[in-house]
Amino acid sequence: MMVNSKSNDSGKPGKVGDQWRTPQEVFDALNREFSFCVDMAATKRNSLCDTFFDEQNDSLGFDWAETINSMYLLSANKYVWCNPPYSNPMPWVKKAIEAQSNGLGVVMLLNNDVSVGWFAEALTTVSEIRHITGDKKENSNGYHSGRLAFLNHNGDPINGNNKPQFILVFNPFKIGARVTTYIHRSELYK
């Protein structure tokens, strides 16, 4: 198995939006907390960690905890980042659960939809669900949306996101805690 370090690109297009990149500020805010070692679902263009797995090096085909532990032997409290293709998140949720049960932390960014099967699956072991909310505009009675502006292949924001997102934390030391929190979008864009 080969691990990319920003030198190859799979070149395979996914469904619209499957390769959109997490806004750098959002990733940075979470990375300060979790110190991600690997991006588990990336391409050369949208990867946010130096080490990443793309479609060519399919991370769904191996044990995440075993692989990451062999790559980072001396690191404690390892966490990986995963903003999976939104067209089919179920296999990614299952891999996060497997990794969590084997001692690896996973943080995922997904559409906030609690009515679907993959969320019911995540709910069996998820440690924390962070709902991203809007917040009050300064000098106004209105509110900013909590929806994220993902980045396209050129790194430009894609405005008009019609779905909210949440962050799922699979902490291997708090399996099934289901702590529900709320974070203002502006806190992620600091």
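**Helix α1, the nonpolar cores and a few notable residues**

The buried residues of helix α1 pack against four strands, namely β1 (79-82), β2 (105-111), β3 (128-133) and β6 (165-170), and against helix α5 (185-188). The model described here is a predicted one. Helix α1 spans residues 24-34, and its buried members are V26, F27, A29, L30 and F34. These residues lie on the same side of α1, because they cover an arc of only 160 degrees around the axis. The spacing is a familiar one: an α-helix has 3.6 residues a turn, so residues three or four places apart point the same way.

It helps to place this helix in the wider fold. The secondary structure comes to five helices and seven strands, which run from the N terminus in the order α-α-β-α-β-α-β-β-β-β-β-α. Of the 190 residues in the protein, 44% are buried. Among contacts with a separation of 6 or more, 75% are between residues 24 or more positions apart. The accessible surface of the protein comes to about 9,700 Å², and carbon and sulfur atoms account for 48% of that surface.

The interior can be followed through its nonpolar cores. The largest nonpolar core has 28 residues, and those with the most contacts inside it are M40, W64, V80, V106, M108, L168 and F170. At least two residues of this core come from each of α2 (64-71), β1, α3, β2, α4 (117-122) and β6. Helix α3 gives the most, with five residues. Another core, of 19 residues, lies apart from the largest one and includes A29, C49, W81 and L109. A29 is also one of the buried residues of α1.

F170 offers a closer view of the largest core, as one of the residues with the most contacts inside it. Setting aside residues up to four places away in sequence, F170 touches Y79, A96, I97, Q100, L104, G105, V106, M108, A122, T125, V126 and S127. Two of these partners, V106 and M108, are themselves listed among the residues with the most contacts inside the core.

Helix α3 (residues 90-101) also holds a lysine worth a look, K95. K95 counts as buried because its relative accessible area is 12%, below the 20% limit. The side chain of K95 reaches the backbone oxygen of F62 at 2.6 Å. Apart from its neighbours within four places in sequence, K95 is in contact with S59, L60, F62, D63 and W64. W64 in turn belongs to the largest nonpolar core.

A second buried residue of interest sits in a loop. F150 is located between β5 (143-144) and β6, and its relative accessibility of 4% makes it buried. F150 and T22 are 128 residues apart along the chain, yet their C-alpha atoms are separated by 5.4 Å. With residues up to four places away in sequence left out, the contacts of F150 include W20, R21, T22 and P23. They also include N83, Y86 and L109, as well as D156, P157, I158, N161 and Q165. L109, one of these partners, is a member of the 19-residue core.

The cysteines deserve a brief mention. A disulfide is a covalent bond between the sulfur atoms of two cysteines. The count of disulfides in the model is zero. For C37, which is in no disulfide, the nearest cysteine sulfur is that of C49, 7.3 Å away. C37 is buried, with a relative accessible area of 15%. C82 is also buried, with a relative accessible area of 0%.

Finally, two backbone conformations stand out. Most residues other than glycine have a negative phi, and most peptide bonds are trans. S35 is not a glycine, but has a positive phi of about 50 degrees. This serine comes just after α1, in the loop between α1 and α2, and counts as exposed at 51% relative accessibility. R178, likewise not a glycine, has a positive phi of about 55 degrees. The arginine is found in the loop between β6 and β7 (179-184), where R178 is partly exposed at 44% relative accessibility.

Conventions:
Residues are numbered from 1 along each chain as its sequence is written. This is a predicted model: local features need pLDDT of at least 70, side-chain atom pairs count only at pLDDT 80 or more; totals for chains, interfaces and linings use all residues. Side-chain values use heavy atoms; hydrogens and water are left out. Buried means under 20% relative accessible area, exposed over 50%, partly exposed in between (1.4 Å probe, protein chains only). The arc is that of the directions from the helix axis to the C-beta atoms. Contact means heavy atoms within 4.5 Å. Accessible areas come from the Shrake-Rupley method with a 1.4 Å probe; for residues, only the protein chains shown count as cover. A polar contact is a pair of N or O atoms within 3.5 Å; within protein, one must be able to donate a hydrogen and the other to accept it, and residues adjacent in sequence count only if both atoms are side-chain atoms. A nonpolar core is a set of buried Ala, Val, Leu, Ile, Met, Phe, Trp, Tyr and Cys residues joined through side-chain atoms within 4.5 Å. A disulfide is a pair of cysteine sulfur atoms within 2.5 Å.
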